[in-house]
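Trainee: Got a minute to go through this one with me? I'd like to start with the charged residues and then wander a bit.

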Amino acid sequence: MRVVLAEDLFLLRQGLIQLLEAYDFEVVAAVDNGRDLSAALAEHRPDIAIVDVRLPPTFTTEGLQAALQARRDIPGLPILVLSQNVEQMYARELLADGTGGIGYLLKDSIFDNDQFIDAISRVAAGGTAMDPAVVAQLMVSHARDEPLGALTARERHVLELMAEGCSNMAIAQRLTISEGAAAKHISNIFAKLMLPQDSDSNRRVLAVLAYLNA
C-alpha cells in the first residue's frame, strides 16, 4: 500500500515512516509542509494520505486544506488526519463531500501499533476511522434533535461505535452482545433516524456521519 505522509516534527515523521515500513506499507513521500504535500499527492496519487492538520508556515490548517484540495482533484482519495486536539470544524470539512476513505484521529488517543495500522487499513479500503472524541462532539451538536432523542441509551452507544467505523462484529465485541443483537440495534437506529438501510458497511457508516455532520 502506497502512502504519502505529512508531519512537520522530524522525530515523529521518521518514527511513522519506520512503523509503516515495518508493516509493509510503502512510504512514497514524507513531507513537512502543505506545499510539498500538495505536490506529493498530485505526483504519487497514493492509496492513502496520512496528514497532520497543522503544518508550516502558519501551523493552522495547511495539512487539512492541502489534503482536501487533493481530494477535489483526485475524487475518493483516502485521507487519515492526525490532530492534537478535537477541532469540530476540521471534522466537518473532512466529512462534507460524503465519500469514503475518511479518518480523523487524535494523536494522544493512539495507544498501540495494531490500533493505528487497523485505522489506516480501514480508511485506505474506503472505510472510516473517527476518534471517539470527535464523534462525541458531533453527537453533542445534535443532542436536542428529536430523532436522536428517540434513541435508547444502548442505541446511542451503538450509533457512536458505528460513527467510529466499527463493523457489526466489532460493535458486538465492544458491547459483549451477539452480532444479531448488534444488527437489530442498527436496524432500529436507521428506522428512527429515517436513514436508508444499506448492506454495505462503509456506505452505512457514511450515512450516519452525514447525519451527524448536517
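**Salt bridges and surroundings**

Mentor: Sure. Glu7, Asp52 and Lys107 are linked in a network of salt bridges. Keep in mind that this is a predicted model.

Trainee: How far apart are the closest N and O atoms in the salt bridge of Asp52 with Lys107?

Mentor: They sit 3.2 Å apart. That pair links distant parts of the chain, since Asp52 belongs to strand E3 while Lys107 is in the loop between strand E5 (102–106) and helix H5 (113–124). Along the sequence the two are 55 residues apart.

Trainee: Is Asp52 buried or exposed?

Mentor: Asp52 counts as buried because its relative accessible area is 6%, and the cut-off for buried is under 20%.

Trainee: And what does Asp52 touch, leaving aside its neighbours within four places in sequence?

Mentor: Ala6, Glu7, Asp8, Gly63, Leu64, Leu82 and Lys107. So both of its network partners, Glu7 and Lys107, are on that contact list.

Trainee: What does UniProt have on Asp52?

Mentor: The entry, which is unreviewed, carries the annotation "modified residue: 4-aspartylphosphate" at Asp52.

Trainee: OK, how many salt bridges turn up in the whole structure?

Mentor: The search finds 5. One of them joins Arg122 and Asp118, at 3.1 Å from N to O. Both of those residues lie in helix H5, 4 residues apart, which is about one turn of the helix.

Trainee: How accessible are Arg122 and Asp118?

Mentor: Arg122 is partly exposed, at 27% relative accessible area. Asp118 is also partly exposed, at 40%.

Trainee: Any other pair worth a look?

Mentor: Try Glu164 with Arg174, where the closest N and O atoms are 3.5 Å apart. Glu164 is in helix H8 (residues 153–164) and Arg174 is in helix H9 (residues 168–175), so this pair ties together parts that are 10 residues apart in sequence. Glu164 counts as buried, at 12% relative accessibility.

Trainee: Which side chain of opposite charge is nearest to Glu62?

Mentor: Arg54, but it is 8.0 Å away. A salt bridge needs the nitrogen within 4 Å of a carboxyl oxygen, and Glu62 has no salt bridge even though it is buried.

Trainee: Where does Glu62 sit, then?

Mentor: In helix H3, which covers residues 62–73. Not counting residues up to four places away in sequence, Glu62 touches Gly34, Val53, Leu55, Pro56 and Pro57.

Trainee: Two prolines in a row there. What is the peptide bond from Pro56 to Pro57, cis or trans?

Mentor: It is cis, with omega near 10°. Pro57 lies in the loop between E3 and H3.

Trainee: While we're on backbone angles, which residues should I check for positive phi?

Mentor: Asp24 is one of them, with phi near 70°. Asp24 is in the loop between helix H1 (10–22) and strand E2 (26–31), and at 69% relative accessibility it counts as exposed. Arg45 is another residue other than glycine with a positive phi, near 45°. Arg45 is in the loop between H2 and E3 and counts as exposed at 51%.

Trainee: Switching topic: which residues touch the most other members of the largest nonpolar core?

Mentor: Leu37, Leu94, Met130, Leu159 and Ile171, out of 53 residues in that core. Apart from it lies another core, of 19 residues, with Val27, Leu82, Phe116 and Ile117 among them.

Trainee: Tell me more about Leu37.

Mentor: Leu37 lies in helix H2 (residues 34–44) and is buried, with a relative accessible area of 0%. Beyond its neighbours within four places in sequence, Leu37 is in contact with Val4, Ala6, Val31, Val51, Leu55, Gly63, Ala66 and Ala67.

Trainee: And Leu159?

Mentor: With the same kind of neighbours left aside, Leu159 is in contact with Met139, Leu148, Leu151, Ile189, Leu193 and Val208.

Trainee: Last bit, the chain as a whole?

Mentor: The protein chain has 11 helices and 6 strands. Buried residues make up 48% of its 214 residues. The accessible surface comes to about 10100 Å², and 53% of that belongs to carbon and sulfur atoms.

How values were computed:
Residues numbered from 1 in each chain as written. Predicted model: local features only at pLDDT ≥ 70, side-chain atom pairs only at ≥ 80, totals over all residues. Heavy atoms only, no water. Buried < 20%, exposed > 50% of the residue type's maximum accessible area, 1.4 Å probe, protein only. Lys, Arg positive; Asp, Glu negative; His and termini not counted. Contact = heavy atoms within 4.5 Å. Core = buried A, V, L, I, M, F, W, Y, C linked by side-chain atoms within 4.5 Å. UniProt positions renumbered as here; feature names shortened; annotations may be inferred. Areas by Shrake-Rupley, 256 points an atom, 1.4 Å probe, with all protein chains shown as cover.
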